[in-house]
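Me: I would like to take a close look at a single part of this model. Please explain in one connected account how that part is arranged and how it leads on to its surroundings.

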Amino acid sequence: MAPLLEVKDLKVEFSTRYGNVTALDGVSFELNAGETLGVVGESGCGKSITALAVMGLIPMPPGRIAGGSIKFKGEELIGAPESRLRQLRGAEIGMIFQEPMTSLNPVFRVGDQIAEAILLHQGGSKAEARARAVELLKTVGIPEPDRRARAYPHELSGGMRQRVMIAMAMSCRPQVLIADEPTTALDVTVQAQIFDLMREIQQEFGVAIIMITHDMGAISEMADRVAVMYAGKMIEEGSADAILDSPGHPYTSGLIGCIPILDQAIALSDRPPPLAEIPGVVPPLHLLGAGCAFAERCSQVHDACTVSPVLIGAPHAVACHAYAAGKS
Amino acid sequence: MDQITPLLDVKNLSVRFQMPGGGLFGPKRFLHAVRDVSFSVARGRTLGLVGESGSGKTTTAMSAIRLAPSYQGEVHFNGNDLLQLDPEAMRQERRNLQVIFQDPYSSLNPRDRVGAIVREPLDLLGIGTVEERGARVSELFGLVGLRPDQMSLFPHQFSGGQRQRISIARAMSTNPSLIVCDEPVSALDVAIQAQILNLLRKLQDELGLSYLFISHDLGVVQFICDDIAVMYLGQVVEYASRKEIFGSPKHPYTQALLDSAPSLARRKSSGYKRQAAVSGDPPSPVNIPPGCAFAGRCPKSQARCDTDRPVLTADAGRSVACHFPN
């Protein structure tokens, strides 16, 4: 079966005062119906740019898609007319943003904002769209949906607003849902509610989810497959179990090791051991050389790392010379 | 938990803010941010204040060290009640009490060189001669893992993690015995968090510092705290050692927090289902419910919880405020 979404060798450049900077360099992935792909990495690694590129929302200029292809159900989206992209956005590919307060319009009632998306993509009467909006609010677990539909965003809590965002994203039954750090602004108990809701929605509607996050815990709870990004490149990809239990790239294992994640054994020890550290910081994109971008922070760096490694292997792909040498 | 003469001993601290409205002669309305909170920080140890946003963790810590006004209570530190000290005595006491703030971008003056930022507490409190202060600042830079030649740079020339190191150096400058850490790593990238947490622990081991550590992240708390006070809507609902909180949580809210925190042990692939997910949001601190503040979201709530407010009661060295603890 052909994948729902197929991204190949995607390259995005931005012109900055340091010259042309490659924000995404040869990113490839596939998304099948009904699965969740987790995209993980530190800030600046290109996670959000990947999502924006799929939605056709890269600001141009200064951005530019320098190469590659994005196919949705076999249809090429790069170079597609804006009118076609507008049909797809919202209707076929929905998006949930990080900050629910700034992504809702503060001067319109939330029910009307959901109804607007329905009217735009599916037509029908205003009354029908409003009724559907109330129904959606109920689906995402908002109590008293009739009353809440008439509320303004500021009258709702952060968790409620994110539920409204999900209702809006789901309003036209999209086949792909892109969630860009959907719970970063929320408290943990509310985050858990949103995660549970997203899993329920996926089961009920079979939507495929791209979940962008920096949180390995969120990956563990939500993702079937994981793509790890570093400095604009995809450096590891595989099933969530493979990535979390036997990471191949030193960066991935560093990322897992350095997170103070909840663990019964650590909590109950007399003195928790020091956390693993990844030394240094992500290099600025305009200073990237030809070699592996992670080389200067890597504990396993050697001569071969002056050449950029390629992502190889299936189903667990790793872009690392040391890993490849260990395998062969 | 009970240590002889704790370094910081907070008793029945309350903070309230007057709300606008109600009219000139109408009843005053108050937002009860902190309600009757007691805890203590032992020498050389770390107390974690844990809770969700709006639970009053930061207000509790800031009012305890008089960076925010308090309404009632006592805060014993070095044999004094901080809330009763006159302004000059309080100012002198500040050399023993320092703060590391959450956001390393807004807590450093962008127009000052970082050397001057770290030296400022020494200047203000008149500690040592000019040469001694300069030497202390370069010593501090070494201590937190920065190079002394970076002293003449400005904050914008540093990354987030380096800025937080500068904040730590500034807090350490007066050789304090207590540092209030207000979410010191939550604004940092995941890979940088570990560097800062390890640094805080190393400094504690070497210098015997005490931390009052505010965090919403149970993973961070588990790594750095010895004792933990879980706060909900301005009250401490459970207060126990790290092992007790994580090993056998008694309050349903603590249980819910632990069940909500992401963990690598919960896999989608193995069909993970959350046990004790709580619904809804916390009530408003303006209209505090008469009973238990958590009752509306609690899976174990009964009729009594809606009318009868549970008090924090000690049992075998730990305390919990719940009618039906686990």
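Reply:
**The sheet of chain A and the contacts with chain B**

Met95(A) stands opposite Ile178(A), a residue of strand 7 of chain A. The model in which this pairing appears is a predicted one. Met95(A) belongs to strand 6 of chain A, and this strand pairs with strand 7 (residues 176-180) of chain A in the parallel sense, over four bridges.

The side chains of strand 6 of chain A may be followed one by one. Ile93(A) and Met95(A) point one way from the strand, whereas Gly94(A) and Ile96(A) point the other way. Despite these opposite directions, all four are buried.

The next step is to place this strand in its sheet. Chain A has an open sheet of seven strands with mixed pairing, and the strands follow the order 6-7-8-3-9-10-11. Strand 6 (93-96) and strand 11 (317-318) of chain A are at the edges; each has a single partner strand, so one side of each has no neighbour in the sheet.

Further along the order, strand 9 (residues 225-230) of chain A pairs with strand 10 (residues 233-239) of chain A. Their pairing is antiparallel and extends over six bridges. Within it, Val226(A) stands opposite Gly238(A), which lies in strand 10 of chain A.

These two strands are also joined through side chains. Arg225(A) and Glu237(A) meet in a salt bridge, at 2.4 Å from N to O. Arg225(A) is in strand 9 of chain A and Glu237(A) in strand 10 of chain A, so the pair ties together parts that are twelve residues apart in sequence. Are the two partners buried or exposed? A residue counts as buried when its relative accessible area is under 20%. Arg225(A) has 17% and is therefore buried. Glu237(A) has 14%, so Glu237(A) is buried as well. Over all chains, the structure holds 29 salt bridges.

From the sheet we may now turn to the partner chain. The contact between the chains involves 47 residues of chain B and 55 residues of chain A. The area buried between chain B and chain A is about 4400 Å², and carbon and sulfur atoms give 51% of this area. Three residues, Pro262(B), Leu264(B) and Lys268(B), supply 17% of the area that chain B buries against chain A, more than any other three residues.

Polar and charged links cross this interface too. Between chain B and chain A there are 17 residue pairs in polar contact. The side of chain B that touches chain A draws two or more residues from each of helix 6 (190-207), helix 7 (218-224), helix 8 (242-247) and helix 9 (252-260) of chain B. Helix 6 of chain B gives the largest share, eleven residues. By residue type, this side of chain B divides into 20 nonpolar, 14 polar and 13 charged residues.

How many salt bridges cross between chain B and chain A? There are five across this interface. One of them joins Arg267(B) to Asp245(A), with the closest N and O atoms 3.0 Å apart. This pair runs from Arg267(B), in the loop between helix 9 and helix 10 (303-307) of chain B, to Asp245(A), in helix 10 (residues 240-245) of chain A. Its partners differ in exposure: Arg267(B) is buried, at a relative accessible area of 11%, whereas Asp245(A) is exposed, at 53%.

Another salt bridge connects Asp205(B) with Arg271(A), the closest N and O atoms being 2.8 Å apart. Here the link crosses from helix 6 of chain B, which holds Asp205(B), to the loop between helix 12 (264-267) and strand 11 of chain A, which holds Arg271(A). Asp205(B) is exposed, with 52% relative accessibility, and Arg271(A) is partly exposed, with 35%.

A further salt bridge between the chains brings together the side chains of Glu221(A) and Arg266(B), at 3.5 Å from N to O. This pair does not stand alone: Asp196(A), Arg199(A), Glu221(A) and Arg266(B) are linked in a network of salt bridges.

Key: Residues numbered from 1 in each chain as written. Chains lettered and ligands numbered in written order. Predicted model: local features only at pLDDT ≥ 70, side-chain atom pairs only at ≥ 80, totals over all residues. Heavy atoms only, no water. Contact = heavy atoms within 4.5 Å. Buried area = accessible area lost by both parts, 1.4 Å probe. Salt bridge = Lys/Arg side-chain N within 4 Å of Asp/Glu carboxyl O. Polar contact = N/O pair within 3.5 Å; in protein donor to acceptor, adjacent residues only side chain to side chain. Nonpolar A, V, L, I, M, F, W, Y, C, P; charged D, E, K, R; others polar. Pairing = 2+ DSSP bridges. Buried < 20%, exposed > 50% of the residue type's maximum accessible area, 1.4 Å probe, protein only.
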